[in-house]
Amino acid sequence: MALPKKGEACGRWLSRSEVARLVWTAWRVREGDRPGGSDGKPAKIGNTTTGRYTMRHLAQFILLACSTASRPGAVLTASWEAAAGRSSLDLVRGVYYRLREGAQQTNKRQPPVRLPPSILAHLRRWRRMASGVRAEAERPGLPGEGGHYVVEWRGEPVARVKVGFANAVALAGLGISPHTLRHSVVTHLMHQGVPASEVAGFAGMGEAVLLRHDAHHHPDHMGEAVAAMSGRQKRYRLT
């Protein structure tokens, strides 16, 4: 049986302003808000004071994904405590252990990653909030035991975000998938001239895969050829 062709490399990536728009939209959206117009501008949201906020868990998902270039599955299992089936966050050392405890490493590598200071500050605040949720749940007569995962909806871990994410990007006037977040991080790091080996390690992907799909984003891409065509002798290194 013939195998299907490999999918095309993802070309769409978000600018920093688009990431900010998506996060802000997800944080502010309430029940009843509708997508924006065909001009691609975000919807005017948060008009009422009665509707519940419905996508704040998606804002947390987006922020953690965009700060660590992690795959959606790792973000959704991110927990404050190490336990079977969970990826975990060490907020003291500032390290995110993306491989779920008990899981075997596969070709989709999930190495530990250092947490940038900006997301670490958010995570510490969210954990304090989560501790309050757990304290409330321990009171007699209150159901559930939420507050264990970064991304929760009504006190329960979220298994997938495909539908909710599609709604959020529609409200923000964007047309992307969750994978675009990871690709955007890689693209921005390459634009800044970070060595490919370090970008690959941060994102948890093979360097060969990175170079095959994203080498053209690096300022040193084809640098020797361009230097030679310009009559310069300067040598460039991408890795």
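## Starting from a helix

Helices here are DSSP runs (H or I) of at least four residues, numbered from the N terminus. With that in hand, His188 can be placed in helix H6, which covers residues 179-191. The model you are looking at is a predicted one.

His188 makes a good first stop. Its relative accessibility is 15%, and buried means under 20%, so His188 counts as buried. Setting aside neighbours within four places in sequence, its contacts are Trp13, Leu14, Ser15 and Arg16.

## The chain as a whole

Stepping back, the chain contains nine helices and six strands. It has 239 residues, and 41% of them are buried. Among contacts with a separation of 6 or more, 59% are between residues 24 or more positions apart.

As for the surface, the chain exposes about 13900 Å², with carbon and sulfur atoms supplying 55% of that area.

## The nonpolar core

The largest nonpolar core holds 52 residues, and the members that touch the most others are Leu22, Leu123 and Leu181. Several helices feed into this core: H1 (16-28), H2, H3 (72-76), H4 (117-137), H5, H6 and H7 (196-203) each supply at least two residues. Which helix gives the most to this core? That is H2, with seven residues.

Leu181 is worth a closer look. Leaving out neighbours within four places in sequence, Leu181 is in contact with Leu14, Leu22, Phe61, Ile62, Ala65, Cys66, Phe165 and Ile176. Two of these contacts, Phe61 and Phe165, lead on to the next topic.

## Aromatic rings and charges

A pair of aromatic rings is described by the distance of the centres and the angle of the planes. The count for this model is one aromatic pair. Phe61 and Phe165 form this pair in an edge-to-face arrangement, with 6.4 Å from centre to centre and 80° between the planes. The pair ties together distant parts of the chain: Phe61 belongs to helix H2 (residues 56-68) and Phe165 to helix H5 (residues 162-171), 104 residues apart. Are these two rings' residues, Phe61 and Phe165, buried or exposed? Both Phe61 and Phe165 are buried.

Tyr53 has a different kind of company. Arg30 lies over the face of its ring, 4.1 Å from the ring centre. The charged end of Arg56 also sits over the Tyr53 ring, at 3.7 Å from its centre.

## A four-stranded sheet

Strands of a sheet pair through backbone hydrogen bonds, in either a parallel or an antiparallel sense. In this model, four strands form an open sheet in the order E1-E2-E3-E4, and the pairing is mixed. Strand E1 (78-79) and strand E4 (113-114) are at the edges with a single partner strand each, so each has one side without a neighbour in the sheet.

E1 pairs with strand E2 (residues 87-90) in the parallel sense, over two bridges. Ser79 stands opposite Ser88 in E2.

## A proline in a loop

Our last stop is Pro219, in the loop between helix H8 (207-214) and helix H9 (223-229). Which residues does Pro219 touch, not counting those up to four places away in sequence? They are Met190, His191 and Gly193. Pro219 and Val194 are 25 residues apart in sequence, with a C-alpha to C-alpha distance of 9.4 Å.

Methods: Residues are numbered from 1 along each chain as its sequence is written. This is a predicted model: local features need pLDDT of at least 70, side-chain atom pairs count only at pLDDT 80 or more; totals for chains, interfaces and linings use all residues. Side-chain values use heavy atoms; hydrogens and water are left out. Rings of Phe, Tyr and Trp (its six-membered ring) pair if their centres lie within 6.5 Å; planes under 30 degrees apart count as stacked, over 60 as edge-to-face and the rest as tilted. Buried means under 20% relative accessible area, exposed over 50%, partly exposed in between (1.4 Å probe, protein chains only). A charge sits over a ring if NZ of Lys or CZ of Arg is within 6 Å of the ring centre and within 35 degrees of the ring normal. Two strands pair if DSSP finds at least two bridges between them. Contact means heavy atoms within 4.5 Å. Accessible areas come from the Shrake-Rupley method with a 1.4 Å probe; for residues, only the protein chains shown count as cover. A nonpolar core is a set of buried Ala, Val, Leu, Ile, Met, Phe, Trp, Tyr and Cys residues joined through side-chain atoms within 4.5 Å.
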